[in-house]
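Student: I'm new to this structure and would like a close look at one part of it. Could you take me through the inside of the fold, one step at a time?

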Amino acid sequence: MREEFDVIIVGASFGGLSVASRLQANVLVIDKDPLGAHRRSACGTFASVPESLGLRATVLATSDRALIHAPGAPSYHLENPLCTLDYERFCNGLLEQGSATFLQATIQGLEGSASAPEVVTDRGTFRARYLVDASGWRAVLASALEPTLVDRSALSFGLETDAHYPAEQFYFWLDRNTMEDGVGWVFPAGAHSRMGLGSYRGETVKASMVRRFLHATGVDPSTFHGGFFPHRLRRPTVGAIFLVGDSAGQCLPLTGEGIRSAIYFGQTCGDLLQSVIDGERSLRQALHDYRR
């Protein structure tokens, strides 16, 4: 007997949880990690984002100053301040806004038919009327239907550490002496700062490179996190699957920020799916409207 849901969302980060936050239905969110436990980025965005979502309490630090280290680049005053987020609290806050249930499980495949797709996991098989792939750049559901979807040449790579360092504003480095064809950053996050490097070539950034970048600060990090992120849009639907966030390449290529775009398209996708569940439009129309 397969457990059945209206919607299954694979991926419990900004995109997938934004979809879930708009749904009042029988929804299952699946991720291989505990909810909010595996932060892969600096989680920096504009302070208006958590404010608009009613999640101001998840903000760790804000600043209306940003300094770009590049030839001739000044410091900027920001009318909309930047902030860093407590990722775990933010994820839990988004999930609580909808009716979804969270399941920690690893995706093993996609079975069933187009009208009754089944998601196979190491915790069982689950059937849904509608599927959302918010699993990140690997797009695990969509890639099961279209193995050539992921183009590794369209990916950047970032590596970051958290350290006790008193940054008071947001710093960006666009300087070949810091990172050839890439970017560096130091973001304040309460008592810590989030500091790292990104390569636009998609080449793996090594821990030794981050250590060299941070040498002048006196920081000697021991733990790192990061990974690939897209710099090119992909198709937003594959078959009847909606793709949200990095799965669809919805990431700003220069800064690597995918939070605002994942939330925007996640909310759009969630609203469209709710209208399908409520009988206000067909799945075919919702897929068309989401692509548009």
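Tutor: Here is a walk through the interior, beginning with the nonpolar core and moving outward from there. Keep in mind that this is a predicted model.

Let's begin with the largest nonpolar core, which has 41 residues. Val 7, Ile 9, Phe 14, Val 132 and Leu 273 are the ones that touch the most other members. Plenty of elements chip in: strands S1 (3–10), S2 (27–31), S5 (75–85) and S9 (124–133), along with helices H1 (14–21), H3 (87–96), H6 (259–277) and H7 (283–291), each supply at least two residues. H6 gives the largest share, with 8 residues.

Now zoom in on Ile 9. If you skip its neighbours within four places in sequence, Ile 9 is in contact with Gly 16, Val 19, Ala 20, Leu 23, Val 27, Leu 28, Val 29, Ile 30 and Val 132. There is also another core, set apart from the big one, with 19 residues that include Leu 103, Phe 126, Ala 139 and Ala 142.

Next, helix H1. How many of its residues are buried? The count is 8 of 8, so to speak a helix that is mostly covered. The buried residues are Phe 14, Gly 15, Gly 16, Leu 17, Ser 18, Val 19, Ala 20 and Ser 21. What do they pack against? Their partners are S1, S2, S5, H3, S9 and H6. Phe 14, which we met in the core, also forms one aromatic cluster with Tyr 87 and Phe 90.

Helix H3 is worth a stop too, and Cys 91 is a handy place to stand in it. Cys 91 counts as buried, because its relative accessibility is 1% and the cut-off for buried is under 20%. Leaving out residues up to four places away in sequence, Cys 91 touches Ala 12, Leu 17, Leu 35 and Gly 36. Cys 91 and Gly 16 are 75 residues apart in sequence, yet their C-alpha atoms are 9.8 Å apart in space.

Some of those names come back when we look for empty space. The structure holds 1 cavity of 30 Å³ or more, and the largest cavity has a volume of about 60 Å³. Its lining is made of Ala 12, Asp 31, Asp 33, Pro 34, Leu 35, Gly 36, Ala 37, His 38, Arg 40 and Tyr 87. Tyr 87, then, belongs to the lining and also to the aromatic cluster with Phe 14 and Phe 90.

Let's move to strand S5, where Thr 84 lies. Is Thr 84 buried or exposed? Thr 84 is buried, at 0% relative accessibility. Not counting residues up to four places away in sequence, Thr 84 touches Ala 42, Cys 43, Gly 44, Thr 58, Val 59, Leu 60, Ala 61, Phe 170, Phe 187, Pro 188, Ala 189 and Arg 194.

Two of those contacts deserve their own look. One is Cys 43, in the loop between S2 and strand S3 (44–46). Cys 43 is buried, at 1% relative accessibility, and its phi is near 50 degrees, a positive value in a residue other than glycine.

The other is Phe 187, which pairs with Phe 172 edge-to-face, 5.3 Å centre to centre and with 70 degrees between the planes. The pair links distant parts of the chain, 15 residues apart: Phe 172 is in strand S11 (residues 170–173) and Phe 187 in strand S12 (residues 182–189). Both rings belong to buried residues, with a relative accessible area of 18% for Phe 172 and 10% for Phe 187. A search of the whole structure finds 11 aromatic pairs.

Between S11 and S12 there is a loop, and Asp 181 lies in it. Asp 181 has a phi near 55 degrees, again positive in a residue other than glycine. Asp 181 is partly exposed, at 24% relative accessibility.

Our last stop is helix H5 (residues 207–213), the place of Ala 207. Ala 207 is partly exposed, with a relative accessible area of 24%. Outside its neighbours within four places in sequence, Ala 207 is in contact with Leu 159 and Phe 224. Ala 207 and Ser 222 are 15 residues apart in sequence, and 8.8 Å separates their C-alpha atoms. As a final ring to look at, Phe 228 has the charged end of Arg 152 sitting over it, 4.8 Å from its centre.

Notes
Residues numbered from 1 in each chain as written. Predicted model: local features only at pLDDT ≥ 70, side-chain atom pairs only at ≥ 80, totals over all residues. Heavy atoms only, no water. Core = buried A, V, L, I, M, F, W, Y, C linked by side-chain atoms within 4.5 Å. Buried < 20%, exposed > 50% of the residue type's maximum accessible area, 1.4 Å probe, protein only. Helix = DSSP H or I, 4+ residues; strand = E, 2+ residues; numbered from the N terminus. Contact = heavy atoms within 4.5 Å. Phe/Tyr/Trp six-rings, centres within 6.5 Å; stacked < 30°, edge-to-face > 60°. Lys NZ or Arg CZ within 6 Å of the ring centre and 35° of its normal. 1 Å grid on protein atoms, 1.4 Å probe; cavity = no way out; pocket = protein on both sides within 12 Å on 5 of 7 lines; lining within 4 Å. Points joined across faces, edges and corners; volume = space filled by probe spheres on them.
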